[in-house]
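Colleague: Before I rely on the terms used for this model, I should like to hear the grounds for each of them. Could we take them in turn?

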Amino acid sequence: MKYLLIIYCSSLLIFSSSLAQEKSKNESILSGSEIYIDFCIRCHLANGEGVKGTIPPLKKSDYLLKSIDKSIAGLKYGLKGKIEVNNIIYDGIMINQGLDNEEIADVMNYILNQWGNESEEIITPSRVSKVSKSILK
Amino acid sequence: MQKIISAFLFLFLSSIGCAQNNPPFIETPLKKDYTYEIIIDGIDVPWGMAFLSNNELLVTEISGVLYRVKNGKKTKVNGLPYIYRRGQGGLLDVALHPDFKKNNIIYLTLATNTEGDSKGGNTALYSGELEGNNLNNLKLIYKSVPNSKKGEHFGSRIVFDKKGHIYFGIGDRANREKNPQDIRRDGGKIYRFNLDGSIPKDNPFFNKKGAKKAVFSYGHRNPQGMTVHPITGEIWENEHGPKGGDEINIIKKGINYGWPEITYGINYSGTPITNKTEDPTMAQPFYYWIPSIAPSGMAFSTSNIYKKWKGSLFIGSLKFEYLERLMIENNRVVKREKILDKIGRVRNVVEGPDGFLYVGVEGKGIIKIIPKT
């Protein structure tokens, strides 16, 4: 009986905490739009197209849509050196912006579902927490 | 008739098109009179630079590292205050006290949180004594409030006049509605202090009730370049506009520089901020850029090393990845030229004690411009 009670209580705790933490996809996208305006828009621009040859596009970006974990790592640790986006080489630098895992998840959900981009995946803070720097090498 | 109408329409539309770019238009010289050398590498964002001698300098990295560099060899300086690294905030500018050789005092601007709250950070001015690779006797001169998690517009550059004052700027901290036009609030201001950190009694709003006493000028968006004119001694500043409307201003006591009441820029989304570009109570910029170049760093060339460049003003472009040379005649910008085209995001430019120009480039480090002989 005692064990049952413990299991019941802990499952209740886990369930309720997950309820409190997990935003819906739409809520996350909404928070992400604010992060985008504050941290990203100056370079990647309002239309997500960036600047050809200097700032990689996010709109219809094969790099973003095909390698989501690498994109997460770029936001988390910063990105430097050559990358190929839609058949164009970019050799710039994006420093890490000091965003926490939840903010990275939010802005990822935003850019994955803007400007005609579509993604069935929902990026969660816990997924962001698991992405390591080594993926960029 | 129809032809005439369409000709008028064409002229009208093309004149609108022209009005979008502010002259003089940028030129790319066909013949390069210079070459360059990377003298310090391995610094991702070399924000600030201060020369200790011809071959030794201090360089800040936005992530929170202060390097002491001698003959290209970097050593980290210990004893820095807490640095709040977020968005455009982090460790920003570094400058030597005018009597550094006697007192070893340096100044730093940086984003921090001294309140111990979880509300983000804001820009501060510190001084400290540099002894070898240590920063001792750290002193907080000014910390702007309130803290904010916004990643935008921390400023900040440090300069000195010849009368014993230190100046530094703070951006509007992404709160343009509240901060820049209100002298009771921090943000969107240039501040002035005495070298010991006290506030000069002749600051413009020193006796104004409720005002921030350290404010020297206001109505700024995000100042990231400042220098002193070599002849007039005036404080020259550049600041980021939104989409269009980056500015060069000559900073004068108590003056309102207009942001966001007047601006030549629009929102990043393309919507207007205001329909006003001037106001009798606010200063016009010395020059404004359309399109925005995202200016950072500012220096006049005063030496005889680059003959054609003597007297020109140099400003980094983060956005278009070059160093801009502006020729000034009769108080006007008469020519603009790209130097180091496509070099990378130019964060900073200073004239070294040897008269050479040193340029901080993101992803590269510090570059020295060498004239061709």
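Modeller: The discussion below takes up the contact between the chains, then a helix, then a strand hairpin. Please bear in mind that this is a predicted model.

Colleague: What makes the pair A:Glu103 and B:Arg86 a salt bridge?

Modeller: The closest N and O atoms of A:Glu103 and B:Arg86 are 2.8 Å apart. The rule asks for a side-chain nitrogen of Lys or Arg within 4 Å of a carboxyl oxygen of Asp or Glu, so the pair qualifies. Between chain A and chain B the count is three salt bridges. On the side of chain A that touches chain B, helix 2 (residues 25-44) gives the most, with six residues. That side of chain A divides into eight nonpolar, four polar and four charged residues.

Colleague: How many residues of each chain are in contact, and how much area do the chains bury?

Modeller: Contact requires heavy atoms within 4.5 Å, and 16 residues of chain A are in contact with 19 residues of chain B. Between them the two chains bury about 1500 Å², with 54% of it on carbon and sulfur atoms. Of the area that chain A buries against chain B, 35% is supplied by A:Asp38, A:Arg42 and A:Ile93, more than by any other three residues.

Colleague: Why is helix 4 (residues 68-77) of chain A called mostly covered?

Modeller: A residue counts as buried under 20% relative accessible area, and seven of the ten residues of helix 4 of chain A are buried. They are A:Ile68, A:Ser71, A:Ile72, A:Ala73, A:Gly74, A:Leu75 and A:Lys76. These buried residues pack against several elements of chain A, among them strand 1 (79-85), strand 2 (88-94) and helix 5 (101-111). Just after helix 4 of chain A, A:Gly78 takes a positive phi of about 90°.

Colleague: Why is strand 23 (residues 346-351) of chain B described as largely enclosed?

Modeller: The same cut-off of under 20% applies. Five of the six residues of strand 23 of chain B are buried, so the rest of the structure largely encloses this strand.

Colleague: How do you know that strand 23 of chain B pairs with strand 24 (residues 357-361) of chain B?

Modeller: Pairing needs at least two bridges, and five join these antiparallel strands; strand 23 and strand 24 of chain B are therefore paired. B:Val349, for instance, has B:Val359 in strand 24 of chain B as its bridge partner. The hairpin of these two strands has five residues between them, and B:Gly355 takes a positive phi near 90° there.

Terms used:
Residues are numbered from 1 along each chain as its sequence is written. Chains are lettered from A and ligands numbered from 1 in the order in which they are written. This is a predicted model: local features need pLDDT of at least 70, side-chain atom pairs count only at pLDDT 80 or more; totals for chains, interfaces and linings use all residues. Side-chain values use heavy atoms; hydrogens and water are left out. Buried means under 20% relative accessible area, exposed over 50%, partly exposed in between (1.4 Å probe, protein chains only). Helices (H or I, at least four residues) and strands (E, at least two) are DSSP runs, numbered from the N terminus. Buried area is the accessible area (1.4 Å probe) that two parts lose on being put together, summed over both. Ala, Val, Leu, Ile, Met, Phe, Trp, Tyr, Cys and Pro count as nonpolar, Asp, Glu, Lys and Arg as charged, and the others, Gly among them, as polar.
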